[in-house]
Amino acid sequence: MSGTQGDGPLAGQAALITGASAGIGKACALSLAAHGMDLVLTGRNARALQEVAQACQAHGVQALSLAGDLTDTGFVQTLAQAAAHVDVLVNNAGILTYAPVLDITTEQCAQMFATNVVAAFDVTRAVAQQMVQRGRGGHVVFITSGAARNIVQHGVVYGATKHALAAFAKGFRLELKPHRIKVSEIAPGMVETDIRKGSTHPDVLKSLAARKFAPLQAQEVADALVYALSQRPDSASDLIELRPAFG
Ligand SMILES: NC(=O)c1ccc[n+]([C@@H]2O[C@H](COP(=O)([O-])OP(=O)(O)OC[C@H]3O[C@@H](n4cnc5c(N)ncnc54)[C@H](OP(=O)(O)O)[C@@H]3O)[C@@H](O)[C@H]2O)c1
């Protein structure tokens, strides 16, 4: 899906996207801008984020970039205040360190849980509280992973974080339903981004090099997001799973 479709059902709504400076989050930002949505974009890399915001603004929408670390609870409060008006939250920021479970460090494990689970919980709670107070519904999307339901070799800790995130998605859906706030989970298999670049264990490098299938593209995840957000008010996608066809 490409081009500008600024007169469709999403036009005029506003979204907060975490992890918008790169990869899947960047593709989601550009797609939602093309559909006429105003955006609040966050990530740690201020320069990359600013470039994404400018590319979004070229679609004629407002795009605010607010750089910071989501594991900093003070920053999450600032972010939530800047996003007090949003109709949609896309919880996308995440990190991945592949390593054998006997070699992965406590620090790597804690960092993945802090970013992929606790930070996503913090952002969702803060933004959803505001949606509930406003009383006009909303939509929260969690980008989990195929690893939310499968555990792969070298991805045990990452898989555990994504299982936890999927549980949060189900739980928030349960408790936000009375407030007409939808909660969707998009669970992609391997997507071509830089997320695996920090995984340097030799066993991991060997197994990545031996991969024989083509990964998904970030745009395909963005297309799934647009689909989920475009459904009728009384229809919802709870879970969209995408996977490389021959992976
Ligand atoms: N690529 C895949 O194969 C794949 C498959 C399924 C699910 N996913 C999930 O999709 C999401 C996006 O992944 P991606 O592949 O697009 O990764 P990516 O290209 O590495 O982008 C990750 C994004 O998260 C942000 N981020 C990471 N830690 C952060 C922190 N502490 N505070 C604020 N922002 C932070 C990064 O921003 P800065 O670098 O600017 O901090 C970046 O914008 C992740 O949740 C990932 O688990 C990825």
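## A helix pair and a ligand shell

Helix H4 passes helix H5 in a right-handed crossing. The model is predicted.

**The helix pair.** H4 covers residues 106-134, and H5 covers residues 156-176. Their axes come within 9 Å and cross at roughly 15°. Angles under 35 degrees count as roughly parallel, so H4 is roughly parallel to H5.

Many side chains have a part in this contact. H4 contributes Cys109, Met112, Phe113, Asn116, Val117, Ala120, Phe121, Thr124 and Ala128. H5 answers with Val157, Tyr158, Thr161, Lys162, Ala164, Leu165, Phe168, Phe172 and Leu176.

**One residue of H4.** Phe113 sits in helix H4. Is Phe113 buried or exposed? Phe113 is partly exposed, because 17 other C-beta atoms lie within 10 Å; a buried residue would need 20 or more. Leaving aside residues up to four places away in sequence, Phe113 touches Val118 and Thr161. Phe113 and Val157 are 44 residues apart along the chain, and their C-alpha atoms are separated by 8.4 Å.

**The ligand.** The ligand is surrounded by 28 residues. The closest are Gly19, Gly23, Gly43, Arg44 and Gly94. Helix H1, residues 23-34, supplies the largest share of this shell, with three residues.

The table gives the classes of residue at both sites.

| Site | Nonpolar | Polar | Charged |
|---|---|---|---|
| Contact of H4 with H5 | 14 residues | three residues | one residue |
| Shell around the ligand | 13 residues | twelve residues | three residues |

Key:
Residues are numbered from 1 along each chain as its sequence is written. This is a predicted model: local features need pLDDT of at least 70, side-chain atom pairs count only at pLDDT 80 or more; totals for chains, interfaces and linings use all residues. A residue is near a molecule or strand if its C-beta atom, placed from the backbone, lies within 6 Å of it. Helices (H or I, at least four residues) and strands (E, at least two) are DSSP runs, numbered from the N terminus. Ala, Val, Leu, Ile, Met, Phe, Trp, Tyr, Cys and Pro count as nonpolar, Asp, Glu, Lys and Arg as charged, and the others, Gly among them, as polar. Axes are lines fitted to C-alpha atoms, for helices over the stretch in contact, and angles run from 0 to 180 degrees between N-to-C directions. Angles under 35 degrees count as roughly parallel, over 145 as roughly antiparallel, 65 to 115 as roughly perpendicular and the rest as oblique. A crossing is left-handed if the near helix is turned anticlockwise from the far one by less than a right angle, and right-handed if clockwise. Two residues are in contact if their C-beta atoms, placed from the backbone, lie within 7 Å. A residue is buried if 20 or more other C-beta atoms lie within 10 Å of its own, exposed if 12 or fewer, and partly exposed in between; C-beta atoms are placed from the backbone.
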